[in-house]
Amino acid sequence: NPELRYGSIADFSLDLLRWQNRMPVYALGNGLWYGLRCAVRRHPWISSATAAMALIAMLSALWFNRSLQAERDLARAQAERANATKNYLLSLFQDGDPTRGTDPNLTARELIQAGVARVEIDQSLPKPVRLELLALMVEIQLRLGDSSTAKRLLANVDMRIDSNLLDPHTAQLWSARVAIIEGKPARAHAQLQAIYQRTPSDGLALMLARAELDAGFSKQAEQRLNTLLANKTLGAAHRSSALLTLGVLQIRTGRLLQAIATNQQALSTIVQARPSVSPAPAYINLALAQTDLARFDDALANLARAEETLITFPHQRNQFLILQNRGMALFRRGDNDAANQVWQDLLVRAERGVNPGIEASTVHNLAAIADVNDDPVQAIAYSHRAALLRTQLGDLSGALSSRINIAAKLSALGLHQQAIAV
């Protein structure tokens, strides 16, 4: 067909040149796909790179969409878990609603304990919700000072621990806090030291200082506390806790007037930290120092103030310490019958493993009451019990003190051979 032929030799030569250079030939038209094929043959590396980039872009878009969907699924699951947790906790408090429940006199503490029992036995809860509730209950019990319930729940959490839901160090930290509450400072110190080396923080430093103090490492504790207090950016809550621990250290090292000043400073700092910090420990520390200074009325007044704070800041260990120190103030003042009544009441609350540290101190104090009342047999029985408890706690110096008391009482009874054996 003459119409499809080249119009001249020059046109033919131009198409040959274009063909040699892998450019589109005019005789074959100027279609889009034909032009693209020629461009790919003419620039293979650029074309390959372009194709690779297009593939990467496509895969990236696919990955992004899948990641976005995964995040949406995770957020939905977390929202569902949070909603289920909220509804479960709400149902506990609805049981105390006079318009819904059967007992309008239930306290929040009783509702929480009922919730603990329900979570432990309720197998219908999804595992993530169950674990989150157990972890929440452990934290609540520790803040209430209830070490026995916290320890039981902690064993439950340990058996069901899931690294996706619970920080693996959290259970170890809980265990250390239980040891502090129970009066087992050596165990707490070892656990806290291991955690602090991995993830140091002001809160851990405070707990470690308290464990060091209770374990007999007073110099290390004081150095750590002074370092914390020298930090001008330390928050009011942590600063008040550091001052409280330093006040206890000063009492134990005989610096009573300094301890009173430190605890009064802690009270001022607690005002800034409210409502997150209880003033009860400061009042208890003041009472302890005032008892050693024979200011018994001041001590008893501060213990009454500490007891009033338990309404806002319920804490089992603080309640025990108030009773323990009230008994000591009464005993040192010469009110032996009143002191005996207080300590007997405390013993009923603290025994059966609820708080071995308080139980050991209480029976040791009751041995002193029996000694004053000229009842060496009862004094020996209490001292023997105190020695056993203190040995179990790892308080070897305290156990030694109790055994020396036993030997002294045996000797007073004329049982010299038994005294020598002890």
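Glycine 334 adopts a positive phi of about 100 degrees just after helix H15; helices are DSSP runs of H or I with at least four residues, strands are runs of E with at least two, and both are numbered from the N terminus. The model is predicted, so local features need pLDDT of at least 70 and side-chain atom pairs count only at pLDDT 80 or more, whereas totals for chains, interfaces and linings use all residues. Residues are numbered from 1 along each chain as its sequence is written, and side-chain values use heavy atoms, with hydrogens and water left out.

Helix H15 itself comprises the 18 residues 316–333. Its end C-alpha atoms lie 26 Å apart, in agreement with the 26 Å expected at 1.5 Å a residue, where the expected span is 1.5 Å times one less than the number of residues. Of these 18 residues, 14 are buried, that is, under 20% relative accessible area, with exposed meaning over 50% and partly exposed in between (1.4 Å probe, protein chains only).

The protein chain as a whole contains 20 helices and zero strands. Buried residues form 40% of its 422 residues. Among contacts (heavy atoms within 4.5 Å) with a separation of 6 or more, 50% join residues 24 or more positions apart.

The chain exposes about 23,600 Å², of which carbon and sulfur atoms supply 57%; accessible areas come from the Shrake-Rupley method with a 1.4 Å probe, and for residues only the protein chains shown count as cover. Methionine 58, in helix H3 (residues 44–94), is exposed, with a relative accessible area of 52%.
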